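Thank you all for coming; I would like to take a few minutes to walk you through a structure that is probably new to most of you. Please have a look at it first, and then we will go through the strands and the core in turn.

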Amino acid sequence: QAQVVESGGGLVQPGGSLTLSCVASGIIFQNFAMEWYRQVPGQERKFVARIRPNRKVEYEPSVEGRFTVSRDNDKKTAYLQMNRLQTDDTAVYFCHPNFEGVYGTVDYWGQGTQVTVSS
């Protein structure tokens, strides 16, 4: 059974940094794109970043240049390094392993980790 667990959230001042981790067990990790989304109360969940199995990366424009997504297939872990954090980055961050195959999509969600950027 797949299990997705995020960690690393917390309270940080504007301009600070945090690194989120996502451990995904029970899946063939190297075959999944590892995606990060974030959600503010009352709003829809929004895409933040993605690293594909071939390690190609994509970012939402507002975080490009500040956030870095990476993966360690041996550890079955994805990371989101967040630098120069802004108050608008405050949200619950979710990890989303996503596999798109010829027979359909398989995806999972973690429980989320809170990131609060405040002075």
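Before I come to a hairpin, I should say that a strand here means a DSSP run of E with at least two residues, numbered from the N terminus, and that two strands count as paired if DSSP finds at least two bridges between them. With that in hand, and keeping in mind that this is a predicted model, we can say that β9 and β10 form a hairpin with 2 residues between them. The two strands of this hairpin run antiparallel and are joined by 4 bridges, with β10 covering residues 104–107, and in this pairing G101 stands opposite G104 of β10.

Which other strands does β9 pair with? Strand β4, residues 33–39, is joined to β9, residues 91–101, by 7 bridges in the antiparallel sense, and there A33 stands opposite N98 of β9. Strand β11, residues 113–117, also runs antiparallel to β9, with 3 bridges joining them, and the bridge partner of Y93 in β11 is T113.

Let me turn now to another group of strands. An open sheet is formed by 4 strands, in the order β1-β3-β8-β7, and the pairing is antiparallel. Its edge strands, each pairing on one side only, are β1, at 3–7, and β7, at 67–72, while the twist from one strand to the next averages 15°. At the β7 end, β7 pairs with β8, residues 77–82, over 6 bridges in the antiparallel sense, and F67 has M82 in β8 as its bridge partner. As general background, strands of a sheet pair through backbone hydrogen bonds, either parallel or antiparallel.

What, then, makes up the largest nonpolar core? That core has 27 residues, and those with the most contacts inside it are M34, W36, V48, F67, L80, M82 and Y93. At least two residues of this core come from each of β3, β4, β5, β7, β8, β9 and β11, and the largest share, 4 residues, is supplied by β3. In soluble globular proteins, nonpolar side chains tend to be buried together.

I will finish with V48, one of the core residues with the most contacts inside the core. Leaving aside its neighbours within four places in sequence, V48 is in contact with residues including W36, F67, L80 and Y93, and its contacts also include R38, E58 and E60.

Notes:
Residues numbered from 1 in each chain as written. Predicted model: local features only at pLDDT ≥ 70, side-chain atom pairs only at ≥ 80, totals over all residues. Heavy atoms only, no water. Axes fitted to C-alpha atoms, helices over the stretch in contact; angles between N-to-C directions. Core = buried A, V, L, I, M, F, W, Y, C linked by side-chain atoms within 4.5 Å. Buried < 20%, exposed > 50% of the residue type's maximum accessible area, 1.4 Å probe, protein only. Contact = heavy atoms within 4.5 Å.
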